[in-house]
Amino acid sequence: MMQNSKNYPKFAVVGHPNKGKSSIVSSLALDDSVQIGDTPGTTQVKRGFPLKVDGKIIYELFDTPGFQRARRVLGWLEEQESVPADRRADLLKIFIAKHRDDPRFRDEIELLEPIMEGAGIIYVVDASKPYGAEYEIEMEILRRTGQPSMAILNLIGNEDYTEQWKRALGHYFRLVRTFNPIEATFNNHMDLLESMAQLKEEWTQPIKVAIDVLNGLHQQKIDQSVDTIVESMQKSLTFVYSKDIKGESATKKEKSSSQTAYQQQIVNYEKEREKNIEQIWNHRSIDKVENALVLDDVGLFSKESASIFGLSQKALMITGASAGAIGGLGIDLALGGGTFFLGSIIGGTVGGIGAMLGFNNLYEVKVMGKNIGHRQLTIGPMQNINFPYILLGRALFHASVIAKRSHALRNSVVLENEASYTEQLIDSEMRKKLEKLHLKLRNKDKCNEEIIEEYRKVILESFSNLLK
Ligand SMILES: Nc1nc2c(ncn2[C@@H]2O[C@H](COP(=O)(O)OP(=O)(O)OP(=O)(O)O)[C@@H](O)[C@H]2O)c(=O)[nH]1
Ligand SMILES: [Mg+2]
């Protein structure tokens, strides 16, 4: 990679206030720390957001405040003696130098500075609002900077004035692209980079490199996510809680407190996994996911959790009845009806739907250690044949939501699953493979590298499909 570290491409994202400039910076820099807000004037000062991969900056985006006094700036520029085109940009430098301490032009200076220091221009408009001639003043100022530029149509609202905007922008910008920072996929991001690469000849190569690097990074994040899920599954499936007890057998209280402790650990494994996944995908400021998941002490086992998987009460009942009737025969039989009810086991409290689903057999409860003088109550490893799917389903669903989530989003993550998703997640062939693997995974004696690798492959396939 022959890339001069100082000459990485830089882009200043500019435009009217409240048009999604910061959102675009956030999504292109994969950085959820960019300030985004409903009210115009959220961004007050310019700030560079470099995208670093392995410590190396591959490009940098400047978030800037919106134009406030464009008319006055253009007025000043027009008052100056006419200068030939090759020196016209100098006028803007003079403007900046002359007005640096003038509070009236604070926003304009903030946004013009990175441009005059060599950043390419990304002019952002909201194409859900009609075009208006007032934008021409901003575009005229930008043209006079002499810097390479492109326009981005962002559709914030529901109306669509794209054609109108395109006709107007075409006079000022060679490149006009539509990009929605909230909904943009990884591929949309890469497509936009292809366009940005065309802005300046010397950036073409570095941005091509950036695209390659980001593709590699994306794959790496997918692999890391799969590793995290596999590791977490293994931990949960094999976990055994044990507690010393005094009497011959465990008291009711000892049993129930141990069950709580066991469940808490399973919940903790899930929390830990979610945090890891969020870090892998650079979503460091999401703290609402857990609420959405209802992961309090018993959240994983709560009724609400069932709705996360789009399961109706009826679906739960059917699954529960058949699962109860044939015990631990196998998931194919237990599930019947051709539909795979991923969340079937998470239903109700012990004694409610949970009991019907064999919740009490979720794990083995044993009293051991007669010969060593003290007794131990042990809970686990996980016995229930359905439960691994629930954990896995939750893991894949969470990971895919996080992986696809734009860094420009500031709302909480709502993990609401549609019924169709459940079927998409794990098809029947995969289910058969998984069933065998889960059995082996939870058996420490039978589990080896080969099995883990096989499991990894199945998870990778499923996760990759989810990201498509
Ligand atoms: N639905 C939707 N909302 C968007 C989109 N882009 C931006 N927004 C919202 O529009 C508002 C303004 O977004 P910002 O990115 O802060 O806009 P800005 O241009 O940086 O605003 P200032 O810094 O105030 O000039 C925020 O509430 C965003 O969430 C979009 O593509 N779709
Ligand atoms: Mg902003």
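Okay, let's start with the whole chain: of the 468 residues in this protein chain, 51% count as buried. Before I go on, keep in mind that this is a predicted model. The chain has 18 helices and nine strands. And if you take the contacts between residues at least 6 apart in sequence, 74% of them join residues at least 24 apart. You'll hear quite a few such long-range links from me today.

So, the inside. The largest nonpolar core has 39 residues, and the members that touch the most others are Tyr123, Ile141, Leu169 and Phe173. Where do those residues come from? Several elements supply at least two residues each, including strand 1, at 10–15, strand 4, at 120–126, and strand 5, at 149–154. On the helix side, you get at least two each from helix 2 (70–79), helix 3 (88–99), helix 4 (106–116), helix 5 (134–144) and helix 6 (162–169). There's another core apart from this one, with 38 residues, among them Ile266, Leu392, Leu441 and Ile451.

Let me zoom in on Phe173 for a second. Not counting neighbours within four places in sequence, Phe173 is in contact with Tyr123, Met139, Leu142, Ser149, Met150 and Ala151.

Next up, the metal. Which residues coordinate the magnesium ion, ligand 2? That would be Ser22, through OG, and Thr43, through OG1, at 2.0 Å. Those two come from distant parts of the chain, 21 residues apart: Ser22 sits in helix 1, residues 21–28, while Thr43 is in the loop between helix 1 and strand 2, which is 47–53. Both Ser22 and Thr43 are buried.

Staying in this part of the sequence, have a look at Gly66. You'll find Gly66 in the loop between strand 3 (56–63) and helix 2. Is Gly66 buried or exposed? Its relative accessible area is 7%, and the cut-off for buried is under 20%, so Gly66 is buried. Who is around it? Leaving out neighbours within four places, Gly66 is in contact with Gly15, His16, Pro17, Lys21, Asp107 and Leu111. His16 is a nice case: Gly66 and His16 are 50 residues apart in sequence, yet their C-alphas are 4.7 Å apart in space.

Now Asn154, which is in strand 5. At 3% relative accessibility, Asn154 counts as buried. Its contact list, again without neighbours within four places, runs to Lys19, Gly20, Val124, Val125, Asp126, Ala127, Ser128, Phe179, Asn180 and Pro181. With Lys19 there's something specific to point at: the backbone oxygen of Lys19 lies 3.2 Å from a polar atom of the Asn154 side chain. And for Asn180, we have 26 residues of sequence in between the two positions as counted, but 5.3 Å from C-alpha to C-alpha.

Another residue to click on is Thr162, in helix 6. Thr162 counts as buried too, at 11% relative accessibility. The side chains of Thr162 and Asp160 are joined by a polar contact of 2.4 Å. Further along the chain, past the four-place window, Thr162 is in contact with Ala127, Leu153 and Leu155.

Last topic: the rings. How many aromatic pairs does the structure hold? Nine. I'll show you two of them.

One is Phe11 with Trp203, an edge-to-face pair, 5.1 Å centre to centre with 65° between the planes. Why does this pair count as a long-range tie? Phe11 lies in strand 1 and Trp203 in helix 8, residues 201–238, so the pair ties together parts that are 192 residues apart in sequence. Phe11 and Trp203 are both buried.

The other is Tyr131 with Trp165, also edge-to-face, with 5.0 Å between the centres and 85° between the planes. Tyr131 is in the loop between strand 4 and helix 5, and Trp165 is in helix 6, so here the tied parts are 34 residues apart in sequence. Tyr131 is buried at a relative accessible area of 19%, and Trp165 is buried at 0%. With the cut-off at under 20%, Tyr131 still makes it into the buried group.

Two more ring items before I stop. Trp76, Phe95 and Phe105 are linked by ring pairs into a cluster. And over at Tyr8, Lys10 lies over the face of the ring, 5.0 Å from its centre.

Notes: Residues are numbered from 1 along each chain as its sequence is written. Chains are lettered from A and ligands numbered from 1 in the order in which they are written. This is a predicted model: local features need pLDDT of at least 70, side-chain atom pairs count only at pLDDT 80 or more; totals for chains, interfaces and linings use all residues. Side-chain values use heavy atoms; hydrogens and water are left out. A nonpolar core is a set of buried Ala, Val, Leu, Ile, Met, Phe, Trp, Tyr and Cys residues joined through side-chain atoms within 4.5 Å. Buried means under 20% relative accessible area, exposed over 50%, partly exposed in between (1.4 Å probe, protein chains only). Helices (H or I, at least four residues) and strands (E, at least two) are DSSP runs, numbered from the N terminus. Contact means heavy atoms within 4.5 Å. Donors are N, O and S atoms within 2.8 Å of the metal (3.2 Å for Na, K and Ca); water is not among the atoms, so sites may look incomplete. Rings of Phe, Tyr and Trp (its six-membered ring) pair if their centres lie within 6.5 Å; planes under 30 degrees apart count as stacked, over 60 as edge-to-face and the rest as tilted. A charge sits over a ring if NZ of Lys or CZ of Arg is within 6 Å of the ring centre and within 35 degrees of the ring normal. A polar contact is a pair of N or O atoms within 3.5 Å; within protein, one must be able to donate a hydrogen and the other to accept it, and residues adjacent in sequence count only if both atoms are side-chain atoms.
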